[in-house]
Each structure stands twice: as C-alpha cells, then as structure tokens.
Amino acid sequence: MVQLTTTHLTLREFEPADWQAVYAYETDPRVAAYMAYSASTPEECQSDLDFLADQQQDAHRLLFHLAVILQSSQRLIGTCGLKITNRAVGEAELGYALHSDYWGHGYMTEAARAMVNYGFKTLQLRRIMGTCIPENTASIRVLQKIGMQQEGHLRANKIIKGTIYDSLIFSLLTNEWQIF
Ligand SMILES: CC(C)(COP(=O)(O)OP(=O)(O)OC[C@H]1O[C@@H](n2cnc3c(N)ncnc32)[C@H](O)[C@@H]1OP(=O)(O)O)[C@@H](O)C(=O)NCCC(=O)NCCS
C-alpha cells in the first residue's frame, strides 16, 4: 500500500468509504469542465473505488491513483496519481484533480512532485507525461512547476463533455528529475 507525505498533504490509497468526498470533487462543475471522465453518480464513484481497491491488490498494478488528504483538516480534497502506460518503456501518465475550494494554495504542485518522485524512485519509471487542454492554465502551470517540458500539441484529439479540444503533451525524464 502506498502512502506519501508532503509538507501539507498525505497521499494515501483510496478506500470505499471515500466515495462521498470523491463525488464532491468529481461533480464540482469547475473540476468536471476539465476532466475527460468524471463520475456523475454516487454509484459510478463507488464502482470506480472498487476498481481501484482491486488495483491496490494487483501484482501487476497499473493504476497508482491516490487520495489527497489535507493534513490540517484530514479532509480528502482531491486525487493525484500515475497510470503506467507502457511498462517496457517505463512510461506513466500523471493525472490529478482538486476540489475548487482548495485551488491556488500550491497543493497540487506539492502532490504532483511527491507522485513523480515516487514514480522515478520507487516504480523506477523512465518517463512521466502529463497532458491537458491549452485552456487549462492551472494544469499547465502545475506541469511546468514540477519541471516538465512541453513536447507536443495535438490538434482536436480530445473530447470533454461533448466538446473537441486540442491537447498539450508534457514530459519529464528520470535523468531530469531533481531529488528533493
Ligand atoms: C489543475 C489543478 C489540479 C491545480 O491545482 P492547484 O492546487 O490549484 O494548483 P497550485 O496551487 O499548485 O497552482 C499551480 C499554478 O496554477 C495557478 N492556478 C491555480 N488555480 C488557477 C486558476 N483557477 N486559474 C489560473 N491559474 C490557476 C497557480 O497560480 C499556480 O501558478 P503560479 O505558481 O504561476 O501562480 C486544479 O486547478 C484542478 O483540479 N483543476 C480541474 C481538474 C484538472 O484540470 N485536472 C487536470 C486535467 S489535465
């Protein structure tokens, strides 16, 4: 079981009992506007958490999606995680979302740094990528602040809630990662 600690946050494995907090940020309209997938019913949330519980036990685990807990209140405020996309290469994709009540405090930059560190140091990944639409300036800044560089701009390849967007591709390689 994975648990990471940063200055303000604890990143821990999701549990089935977390569904209400997950439902709160996934149905937050400001969050859902940027997510290709977000649960829209309590049942979808519960089923997603069951899937993650199975992943936690899987010897060939591909999803390392963790709950982001604010230490000062012990509230679950979002998620940050890695999805292994190519095991032979050692490539994973970083993903995250935070309830909008907590935006702008540096929390996701803090969480993403810890997750990337775990990916390179513990999972021995070679390459971590991040992707977002050009309109998502906060996400672009998170990726830049953890040291990623933009390597691509794909035109009209993403659909979010029925609208087609471009997407930006960022990446960070293990030899570029500064130990902190
Ligand atoms: C992207 C997201 C996780 C950022 O979380 P956060 O904890 O607010 O990010 P941080 O506080 O670490 O800030 C990172 C940068 O984004 C900026 N930022 C934060 N909220 C912003 C907003 N609403 N609009 C523009 N910039 C914003 C911050 O100012 C900071 O940049 P700076 O250092 O240049 O000032 C959050 O906005 C979110 O959950 N968005 C919806 C879901 C999403 O987009 N997920 C990623 C899909 S690719």
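How many disulfides does the count come to? I began with this, keeping in mind that I am reading a predicted model. The count comes to zero disulfides, and I went through the cysteines to see why. A disulfide needs two cysteine sulfur atoms within 2.5 Å. For Cys45, the closest cysteine sulfur belongs to Cys80 and lies 18 Å away, which is too far for a bond. For Cys80, in turn, the closest cysteine sulfur is that of Cys132, at 14 Å, again too far for a bond. I also looked up how covered these two side chains are: Cys45 is buried, with a relative accessible area of 1%, and Cys80 is buried as well, at 0%.

**Entry on the sheet.** I traced the strand order next and found an open sheet of eight strands, running β1-β2-β3-β4-β5-β6-β8-β7 with mixed pairing. The edges are held by β1 (3-5) and β7 (149-160), each of which has a single partner strand, so one side of each is left without a neighbour in the sheet. From one strand to the next the twist averages 25 degrees. I noted as background that strands of a sheet pair through backbone hydrogen bonds, in either the parallel or the antiparallel sense.

**Entry on β6.** Which senses of pairing does this strand show towards β8 and towards β5? With β8 (residues 163-173), strand β6 (residues 127-132) runs antiparallel, and six bridges join the two. Within this pairing I located Ile128 opposite Leu172, and Thr131 with Ile169 as its bridge partner in β8. With β5, on the other hand, β6 pairs in the parallel sense over three bridges, and here Glu91 has Arg127 of β6 as its bridge partner. I then followed the chain from β5 through α4 to β6 and recorded a right-handed β-α-β unit. As for coverage, β6 is mostly covered, since five of its six residues are buried.

**Entry on the helices against the sheet.** Returning to the antiparallel pair, in which six bridges join β6 to β8, I checked which helices pack on the sheet. Helix α4 (residues 107-121) does so, touching β1, β2 (9-13), β3, β4 (75-86), β5 (91-98), β6 and β8, and its direction makes about 35 degrees with that of β4. Helix α5 (residues 137-145) also packs on the sheet, touching β5, β6 and β8, with its direction at about 160 degrees to that of β6.

**Entry on the nonpolar cores.** Which residues have the most contacts inside the largest nonpolar core? They are Leu11, Cys80, Leu94 and Met115, in a core that has 38 residues. At least two residues of this core are supplied by each of β2, β3, β4, β5, α4, β6, α5 and β8, and the largest share, nine residues, comes from α4. Apart from this core lies another, of 13 residues, with Phe14, Val22, Ala39 and Leu52 among them. I then listed the contacts of Cys80, leaving out residues up to four places away in sequence: among them are Leu11, Phe64, His65, Leu66, Val68, Leu94, Tyr96 and Met115.

**Entry on His65.** Because His65 appears in that list of Cys80 contacts, I looked it up separately. His65 is found in strand β3 (residues 63-70) and is partly exposed, with a relative accessible area of 27%. Setting aside residues up to four places away in sequence, His65 touches Phe14, Leu52, Thr79, Cys80, Gly81, Leu82 and Lys83. Of these, Phe14 and Leu52 are members of the core of 13 residues. I also checked one C-alpha distance: His65 and Lys83, 18 residues apart along the chain, are separated by 7.4 Å.

**Entry on backbone angles.** Finally, I looked for positive phi values outside glycine. Gln74 has one, of about 65 degrees; this residue lies in the loop between β3 and β4 and counts as exposed, at 56% relative accessibility. Where is Ala156 placed? Ala156, whose phi is near 50 degrees and thus also positive in a residue other than glycine, has its place in strand β7.

Note on methods: Residues numbered from 1 in each chain as written. Predicted model: local features only at pLDDT ≥ 70, side-chain atom pairs only at ≥ 80, totals over all residues. Heavy atoms only, no water. Helix = DSSP H or I, 4+ residues; strand = E, 2+ residues; numbered from the N terminus. Buried < 20%, exposed > 50% of the residue type's maximum accessible area, 1.4 Å probe, protein only. Contact = heavy atoms within 4.5 Å. Pairing = 2+ DSSP bridges. Axes fitted to C-alpha atoms, helices over the stretch in contact; angles between N-to-C directions. Right-handed = clockwise from strand over helix to strand, strands pointing away. Core = buried A, V, L, I, M, F, W, Y, C linked by side-chain atoms within 4.5 Å.
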